[in-house]
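Grab a pencil and work through these exercises with the structure open beside you. Try each task before you read its solution.

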Amino acid sequence: MEMDFQISLVAPATPEAVADDAVEDSDAAEDSGADGDTSVYDLIVIGGGPAGLTAALYASRNGLDPLVFTGHMPGGQIANTERMENYPGFPEGISGPDLAQRMVEQVTKFGPTMLQEGVRTADFSVRPFEIASSSGTYKAHAVIIATGSFPRRLGIKGESEFFGRGVSTCATCDGFFYRDRRVVVIGGGDSAIEEGLFLTKFASEVIVIHRRDELRASEILQKRAFANPTIRFVWDSVVDEILGEQTVTAVRVQNVTTGETSLIDTDGVFVYVGLVPATKIFRGQLELDSSGYIVTDRLLRASVPGVYAAGDVQSPSFRQAVIAAGSGAMAAMEVDRYLAEIADD
Ligand code: NAP
């Protein structure tokens with residue numbers, strides 16, 4: 001069964017929905033028209049970002065008939081990225097949604113079964129493995145997990161209350177609403193600075209609040225941010241509360257060296273304090289590291305034979321679309337070998 005995918009920028013309802021697209025139930029699943037079937041697939045790919053789509057591409061092109069759960073926003077994190085300048089083959093850069101759309105089109109050409117829905121449970125204690133979504137339970141001899149990661153929450157007062165009412169983790173989705181407004185960006189990594197720069201297209205002022213006095217972001221992003229007159233930095237400071245009424249009106253900031261607190265008026269708060277792997281449904285079934293990432297060997301084999309992990313869910317070190325795509329290809333090639341081995345047994 002093939003589906004006609006179109007990538008568009010859709011603001012996720014919650015930050016978790018970005019990553020849990022690939023792993024949790026979604027309303028889209030009810031609409032997919034798909035019923036669980038009795039066939040046993042060679043491979044199920046869980047995840048529709050660069051890792052999952054590349055795994056699906058390689059597997060289908062190698063003659064397997066994989067079933068792919070893309071989540072309800074295929075493309076993963078790149079679907080929320082305004083511009084990709086470091087994906088090879090696009091000297092002028094390419095918009096994240098365009099790149100995601102191209103990946104989906106390329107995979108679809110090779111005819112895998114693609115479901116635009118999330119996975120609810122995975123059972124790796126039975127053979128074939130059982131993967132369930134709201135449309136049914138599906139079986140496969142091998143599984144590639146490429147569920148990625150989702151934005152970490154600060155866990156401060158006001159963050160959940162105002163989420164979607166001034167608090168966001170997606171400038172590409174929500175930046176438009178802050179035309180001529182002042183916004184705050186929390187964090188000092190690549191995401192904070194890249195998204196902060198994006199927000200300068202709309203906002204009258206972007207205040208980056210960072211807990212240290214130097215950024216973690218790459219040199220090129222730092223240079224751009226320091227040269228941008230719309231961005232102001234508040235160093236050595238953490239936000240300990242987000243305040244508002246109907247929507248956000250201010251953040252309370254504490255200087256970590258002096259202990260002083262102050263209020264900064266703002267209409268929006270964009271939180272970029274790192275990412276958390278989307279592995280909740282695999283807990284207790286696969287070995288995870290202390291941060292929740294799936295532990296694999298260098299061939300991307302997880303702790304259960306026949307289960308592989310690719311992309312950000314397996315490696316927090318690089319978090320680059322090109323690396324996720326490469327590891328998706330590796331996992332698919334390894335699955336090919338694994339299936340040949342079990343066929344010989
Ligand atoms: P990150 O690199 O882990 O940076 C997180 C930032 O949030 C850091 O500056 C960190 O401060 C700060 N932070 C963490 N916990 C905090 C807390 N509780 N309160 C206040 N601040 C806190 O995460 P990211 O920026 O989302 O990037 C994730 C990965 O994706 C990185 O590997 C990054 O290179 C990659 N990425 C790449 C690109 C690109 O290549 N263009 C774009 C986006 C992301 P400290 O610095 O003090 O730890």
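## Exercise 1: A tyrosine in a loop

Tyr293 has a relative accessible area of 5%, so this residue is buried. Keep in mind that you're looking at a predicted model.

**Task.** Find where Tyr293 lies along the chain, and how far it is from Gln314 in space.

**Solution.**
- Step 1: Look between strand E16 (275-277) and strand E17 (307-309); Tyr293 lies in the loop there.
- Step 2: Count along the sequence, and Tyr293 and Gln314 turn out to be 21 residues apart.
- Step 3: Now go C-alpha to C-alpha, and Tyr293 and Gln314 are 5.4 Å apart in space.

## Exercise 2: Around the ligand

**Task.** Work out which residues come nearest to the ligand, and where the ligand lies relative to domain 1 and domain 2.

**Solution.**
- Step 1: There are 19 residues around the ligand, and Asp190, Ser191, Glu194, Arg212 and Arg216 come nearest.
- Step 2: Sort the shell by class, and you get five nonpolar, eight polar and six charged residues.
- Step 3: Check the helices and strands: helix H6 (residues 190-199) gives the most to this shell, with three residues.
- Step 4: Zoom in on atom pairs. An oxygen atom of the ligand is 2.6 Å from a side-chain N or O atom of Arg216. For Ser191, a polar side-chain atom lies 2.7 Å from a ligand oxygen atom. Glu194 has a side-chain N or O atom 2.8 Å from a nitrogen atom of the ligand.
- Step 5: On its own the ligand has 900 Å² of accessible area, and the protein covers 78% of that.
- Step 6: Domain 1 (15-151 + 275-344) and domain 2 (167-271) both give residues to the shell, so the ligand lies between them.

## Exercise 3: Hunting a disulfide

**Task.** Say which cysteines the disulfide joins, and whether Cys170 and Cys173 are buried or exposed.

**Solution.**
- Step 1: Searching the whole structure turns up one disulfide.
- Step 2: That disulfide joins Cys170 to Cys173, with 2.0 Å from S to S.
- Step 3: The angle about the S-S bond is 70°, and the link of Cys170 and Cys173 is right-handed.
- Step 4: Both Cys170 and Cys173 are buried.

## Exercise 4: Backbone oddities

**Task.** Which residues does a cis peptide bond join, and what is the phi of Asp180?

**Solution.**
- Step 1: Start with the background: most peptide bonds are trans, and most residues other than glycine have a negative phi.
- Step 2: Arg127 and Pro128 are joined by a cis peptide bond, with omega about -10°.
- Step 3: Asp180 has a positive phi, near 60°.
- Step 4: Asp180 has 60% relative accessibility, so it counts as exposed.

Methods. Residues are numbered from 1 along each chain as its sequence is written. This is a predicted model: local features need pLDDT of at least 70, side-chain atom pairs count only at pLDDT 80 or more; totals for chains, interfaces and linings use all residues. Side-chain values use heavy atoms; hydrogens and water are left out. A residue is near a molecule or strand if one of its heavy atoms lies within 4 Å of it. A polar contact is a pair of N or O atoms within 3.5 Å; within protein, one must be able to donate a hydrogen and the other to accept it, and residues adjacent in sequence count only if both atoms are side-chain atoms. Accessible areas come from the Shrake-Rupley method with a 1.4 Å probe; for residues, only the protein chains shown count as cover. Helices (H or I, at least four residues) and strands (E, at least two) are DSSP runs, numbered from the N terminus. Ala, Val, Leu, Ile, Met, Phe, Trp, Tyr, Cys and Pro count as nonpolar, Asp, Glu, Lys and Arg as charged, and the others, Gly among them, as polar. Domain bounds come from an automatic or database domain assignment. A disulfide is a pair of cysteine sulfur atoms within 2.5 Å. Buried means under 20% relative accessible area, exposed over 50%, partly exposed in between (1.4 Å probe, protein chains only).
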